[in-house]
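Hello,

Here is the structure I promised to pass on to you. Please open it alongside this message, and the notes below should help you find your way around.

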Amino acid sequence: MKAILSKKIKEICLLEGFFKVGFAKHERLSNEVNHLKDWVSEGRNAGMGWISGNHEKREDVSLILNNVKSVISLAYVYDTPFIHNDSMPKISRYAWGEKDYHKVLKKKLKVVCKEIESLCVNVQTKFYVDDGPVMEKAWAVKSGIGWMGKHGNVIDSEAGSFFFLSEIFINKELEYDKPVDDLCETCRVCVDACPTGAIYKEYKVDANLCISYHTIENRADIPSYIDLSGWIFGCDICQDVCPYNKRIIFTEDKSFYPMMEIYEKDIYELSEINEEGFNKVFADSPVKRAKYAGWKRNLNRML
Ligand code: B12
Ligand code: SF4
Ligand code: SF4
């Protein structure tokens, strides 16, 4: 029964377009939450106060689904064959498309969960993408999706790290996957390439120094010592330089292909977008998180 259910679930997820699916037994994430608490107590979360709440749920997902037995981790590739032009302001790959991944993936996960729940009686599921109190990278590592790279993102040896993570909690036992080996070994390319020194220690990122944090999450002024290196929303540098991002596996999902209104546009063309235009172009995009004020602030740093 366990084997059949596990096989069926993987088939359903892959059919819905997920690149990789893995299963982990439910357990408390005590070590991981302790690392998170240390990270927060050192102030490495910068202005992201929300991450210091809900530690109990992050540690014990049975507070989310009380009879949870397993965690299903899913990876969805967002990379496309497009590249950044270094002489233009850059928006990171995950955000330059028309759609917000939260919406795209939640729609898919709804379909997946409905199908899983129809496989046998009394199946209960609960899914998350990014914005819940869930330690997504920790579950992905436990489920064998990939290893935690020194740049702080989960890597698969074939697809690299340009994929989103999501999870489904389920009240059934499954055939569990094993974590994969950490293949970073002696490499430090990402650590050395980060222009702001945000990867302050291998596997650890300080949001106070991270371009991604400042261009997306920071609502205040960006300190003058943070060189945005041409990024106006997010930052892909530490992933672009990683030898595992061979860029041979691309999504077929057109939601993540760059919007032509913003792709390869120079600073003057982008500065012409007024608030109304911004709200229209980015209506369904993650970029709207920065709001028009944040967008202008980021652009002004390029002038
Ligand atoms: C907060 C957050 C950020 C912050 C902090 C970044 C970070 N590295 O955590 C900021 C705003 C900077 C950020 C940026 C980005 N993010 Co982000 N982010 C998150 C979020 C919401 C929470 C992550 C978190 O808990 N961080 C806190 C730290 C403490 O956790 P941690 O790095 O996981 O640390 C763990 C391990 O390192 C371990 N650990 C630490 N020390 C030690 C020591 C020992 C001995 C051991 C054993 C373990 C250990 O324990 C910790 C807890 O698990 C997740 C979604 C989620 N709900 O999980 C997305 C998420 C991690 N982000 C994602 C993405 C895509 C990005 C960006 C690439 C976006 C971009 N292009 O700009 C950048 C990448 C920056 C980078 N180099 O990490 C993806 C990553 C996908 C993947 N393949 O891994 C996620 C999973 C969202 C998603 N659903 O897809 N992000
Ligand atoms: S996202 Fe950019 S700033 Fe942040 S750690 Fe990676 S290279 Fe450094
Ligand atoms: S660049 Fe090297 S050290 Fe960094 S994540 Fe990739 S393999 Fe690991």
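What follows is a short tour of the domains, the ligands, the cores and a few individual residues.

One caution before the details: this is a predicted model.

**Domains**

The domain assignment gives domain 1 (2–81 + 99–170) and domain 2 (189–300). Their C-alpha centres lie 23 Å apart, and the contact takes 36 residues from domain 1 and 35 residues from domain 2.

**Ligand 1**

You will probably want to look at the ligands early, so let me start with ligand 1. There are 33 residues around ligand 1, and Glu 136, Lys 137, His 151, Val 154 and Ser 212 come nearest. By class, the shell holds 19 nonpolar, 8 polar and 6 charged residues. Both domain 1 and domain 2 give residues to this shell, so ligand 1 lies between them.

Which elements each supply at least two residues of the shell around ligand 1? They are α2 (30–41), α5 (136–142), β7 (163–170), α7 and α8 (237–240). Of these, α2 gives the most, with 4 residues.

Three polar approaches are worth a look in your viewer:

- An oxygen atom of ligand 1 is 2.7 Å from a polar backbone atom of Val 154.
- An oxygen atom of ligand 1 is 3.0 Å from a polar backbone atom of Cys 235.
- A nitrogen atom of ligand 1 lies 3.3 Å from a polar side-chain atom of Lys 204.

**Ligands 2 and 3**

Around ligand 2 you will find Cys 194, Thr 196, Ala 198, Ile 199, Cys 210, Ile 211, Cys 235, Ile 237 and Cys 238. That shell divides into 8 nonpolar residues, 1 polar and no charged.

Ligand 3 is surrounded by Gly 149, Lys 150, His 151, Ile 155, Cys 184, Cys 187, Val 189, Cys 190, Cys 242, Pro 243 and Tyr 244. Here the classes are 8 nonpolar, 2 polar and 1 charged. Domain 1 and domain 2 both give residues to the shell around ligand 3, so this ligand lies between them.

**Nonpolar cores**

In soluble globular proteins, nonpolar side chains tend to be buried together. In this model, the largest nonpolar core has 48 residues, and the members touching the most others are Ile 9, Ile 72, Ile 91, Ile 116, Ile 262 and Trp 295. Helix α4 (residues 101–117) gives the most to this core, with 7 residues. Because domain 1 and domain 2 both give residues to it, the core lies between them. Another core, of 28 residues, lies apart from it and includes Leu 36, Met 48, Cys 194 and Cys 238.

Ile 72 makes a handy starting point for exploring the largest core. Leaving aside neighbours within four places in sequence, Ile 72 is in contact with Ile 9, Val 21, Gly 22, Phe 23, Ile 116, Ser 166, Glu 167, Ile 168, Ile 170 and Leu 174.

In helix α11 (residues 291–300), the buried residues are Tyr 292, Gly 294, Trp 295, Arg 297, Asn 298 and Leu 299. They pack against β3 (90–91), α7 (211–217), β8 (231–233), α9 (267–271) and α10 (275–281).

**Three loop residues**

Asp 60 sits in the loop between α3 (55–59) and β2 (70–77). Is Asp 60 buried or exposed? Its relative accessibility is 11%, so with the limit for buried at under 20%, Asp 60 counts as buried. Its side chain makes a polar contact of 3.4 Å with that of His 26 and a polar contact of 3.5 Å with that of Arg 28. Leaving aside neighbours within four places in sequence, Asp 60 is in contact with His 26 and Arg 28.

Asn 67 also lies in the loop between α3 and β2, but at 25% relative accessibility it counts as partly exposed. Its side chain is joined to that of Gln 124 by a polar contact of 2.8 Å. Those two residues are 57 apart along the chain, and their C-alpha atoms are separated by 8.6 Å. Not counting neighbours within four places in sequence, Asn 67 is in contact with Gln 124 and Asn 171.

Lastly, Ser 92 lies in the loop between β3 and α4 and is buried, with a relative accessible area of 1%. Beyond residues up to four places away in sequence, Ser 92 touches His 84, Trp 231, Phe 233, Gly 234, Cys 235 and Asp 236.

Happy exploring, and best wishes!

Definitions and conventions:
Residues numbered from 1 in each chain as written. Chains lettered and ligands numbered in written order. Predicted model: local features only at pLDDT ≥ 70, side-chain atom pairs only at ≥ 80, totals over all residues. Heavy atoms only, no water. Core = buried A, V, L, I, M, F, W, Y, C linked by side-chain atoms within 4.5 Å. Buried < 20%, exposed > 50% of the residue type's maximum accessible area, 1.4 Å probe, protein only. Domains from an automatic or database assignment. Contact = heavy atoms within 4.5 Å. Near = heavy atom within 4 Å. Nonpolar A, V, L, I, M, F, W, Y, C, P; charged D, E, K, R; others polar. Polar contact = N/O pair within 3.5 Å; in protein donor to acceptor, adjacent residues only side chain to side chain.
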